[in-house]
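Grab a coffee and work through these exercises with the model open beside you. Each one sets a task and then walks through a solution.

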Amino acid sequence: MTQTMSSPLLLLLLSTVITVTAAAATSAYPSVTTDCTVSPADNELVPVRREVYGGGRIFDISHRYTVDMPLFWSPNGLGHMIDRYFDAGFDVDTLDLEVLNGPALLVDVPRDSNITAQVMESLKIPKGVRRVLFRTLNTDRRLMYKSEYDTSYVGFTTDGARWLVKNTDIKLVGLDFLSVASDDHLLSAHLEFFESREIILVEGLKLEDVPVGMYNVHCLPLRLVGAEGSPIRCILIK
Ligand SMILES: *[C@@H]1O[C@H](CO)[C@@H](O)[C@H](O)[C@H]1NC(C)=O
């Protein structure tokens, strides 16, 4: 876990956790099709996997955990991003559930750029909006469905992160790839977000096929004491 670049306030799909989860699921749960003896009448017993529930009212914006999902890759093997927070005991169990649950805006980011200050300004996100999910080119490129970690993903640049912190009331930042900061600004953009200790980053969201607009977001991280990131289930409710 320490090989993953993260920090006390970062909700990251940790590679170690993903691997363990996926492996455990395979050995712990025998496959229904091969291990269950079903009578001919039950042959149509097929589990339904859904993205949308309640006739379009609830959208599941979490990706399935699979063995081929991309894993966060840290070029420098960085550990805790802000050691003094981690040392002080800031872990995922201390994240504010009020920030992680409530009215949220889903916006489309212009596809020809990373999320710079200029892009942030152009989005005209009103004051008072506290939770924003940014849908980017990453969704169009289906980067979360490629097992290879693609460093050309779109994310926040340092000035984009700084602009958000200074000029908006956003406390929950959601993005559609494994890092909210672009690869070129990996450390510096994360630091802009974390300096305030108020902003929670939710990464690796599944935002395709959801209309832009206002929802209620519900995100629940696991109560992992001492962990700087956690797998998280997020849904949007109209
Ligand atoms: C975003 O930045 C990355 C480098 O961090 C770059 O590879 C990519 O081309 C940029 N994307 C866009 C759309 O500008």
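## Exercise 1: the last strand

Val217 stands opposite Leu236 in E9. Before going on, note that this is a predicted model, where local features need pLDDT of at least 70 and side-chain atom pairs count only at pLDDT 80 or more, while totals for chains, interfaces and linings use all residues. Residues are numbered from 1 along each chain as its sequence is written.

**Task.** Work out which strands pair with E9, and which of its residues are on the covered face.

**Solution.**
- Step 1: get the vocabulary straight. Strands (E, at least two residues) and helices (H or I, at least four) are DSSP runs numbered from the N terminus, and two strands pair if DSSP finds at least two bridges between them.
- Step 2: take one neighbour. E8 and E9 run antiparallel, with six bridges.
- Step 3: take the other. Strand E3 (residues 58-60) is joined to E9 by three bridges, also antiparallel, and here Asp60 sits opposite Ile235.
- Step 4: sort the faces. In a regular strand the side chains alternate between the two faces of the sheet. In E9 the covered face holds Ile232, Cys234 and Leu236, and the uncovered one holds Arg233, Ile235 and Ile237.

## Exercise 2: the core

**Task.** Find the residues with the most contacts inside the largest nonpolar core, and say which element gives the most to that core.

**Solution.**
- Step 1: define burial. A residue is buried if 20 or more other C-beta atoms lie within 10 Å of its own, exposed if 12 or fewer, and partly exposed in between, with C-beta atoms placed from the backbone. On that count, 35% of the 238 residues in the chain are buried.
- Step 2: define the core. A nonpolar core is a set of buried Ala, Val, Leu, Ile, Met, Phe, Trp, Tyr and Cys residues joined through C-beta atoms within 7 Å.
- Step 3: read it off. The largest one has 48 residues, and Ala104, Val173 and Val202 have the most contacts inside it. H8 gives the most to this core, with four residues.
- Step 4: zoom in on one residue. Leaving out residues up to four places away in sequence, Val173 touches Val132, Val180, Phe193, Ile199 and Leu201; a contact means C-beta atoms, placed from the backbone, within 7 Å.
- Step 5: look at a helix. The buried residues of helix H7 (residues 158-167) are Thr158, Gly160, Ala161, Trp163 and Leu164, and they pack against H5 and helix H8 (186-195).

## Exercise 3: the ligand shell

**Task.** List the residues surrounding the ligand and sort them by type.

**Solution.**
- Step 1: pick a cut-off. A residue is near a molecule if its C-beta atom, placed from the backbone, lies within 6 Å of it.
- Step 2: list them. Around the ligand you'll find Asp112, Ser113, Asn114, Leu137, Ser152, Val154, Ser182, Asp183 and Asp184.
- Step 3: sort them. Ala, Val, Leu, Ile, Met, Phe, Trp, Tyr, Cys and Pro count as nonpolar, Asp, Glu, Lys and Arg as charged, and the others, Gly among them, as polar. That splits the shell into two nonpolar, four polar and three charged residues.

## Exercise 4: loops

**Task.** Is Arg197 buried or exposed? Then do likewise for Asp209, Ala227 and Phe90.

**Solution.**
- Step 1: Arg197 is in the loop between H8 and strand E7 (200-202). Arg197 counts as exposed because it has 12 C-beta neighbours inside 10 Å. Its phi is near 60°, a positive value in a residue other than glycine.
- Step 2: Asp209 lies in the loop between E7 and E8 and has a phi near 60°. With 9 other C-beta atoms within 10 Å, Asp209 is exposed.
- Step 3: Ala227 sits in the loop between strand E8 (213-221) and strand E9 (232-237). Ala227 is partly exposed, with 18 other C-beta atoms within 10 Å.
- Step 4: Phe90, in the loop between helix H3 (83-87) and helix H4 (97-100), is partly exposed, with 19 such atoms within 10 Å. Phe90 and Ala227 are 137 residues apart along the chain, yet their C-alpha atoms are separated by 8.6 Å.

## Exercise 5: confidence

**Task.** Where does pLDDT stay under 50?

**Solution.**
- Step 1: pLDDT is the predictor's confidence in each residue, from 0 to 100. The chain's mean is 83, and 79% of its residues reach 70 or more.
- Step 2: pLDDT stays under 50 over residues 1-37 and is below 50 over residues 74-78.

Terms used: Two residues are in contact if their C-beta atoms, placed from the backbone, lie within 7 Å.
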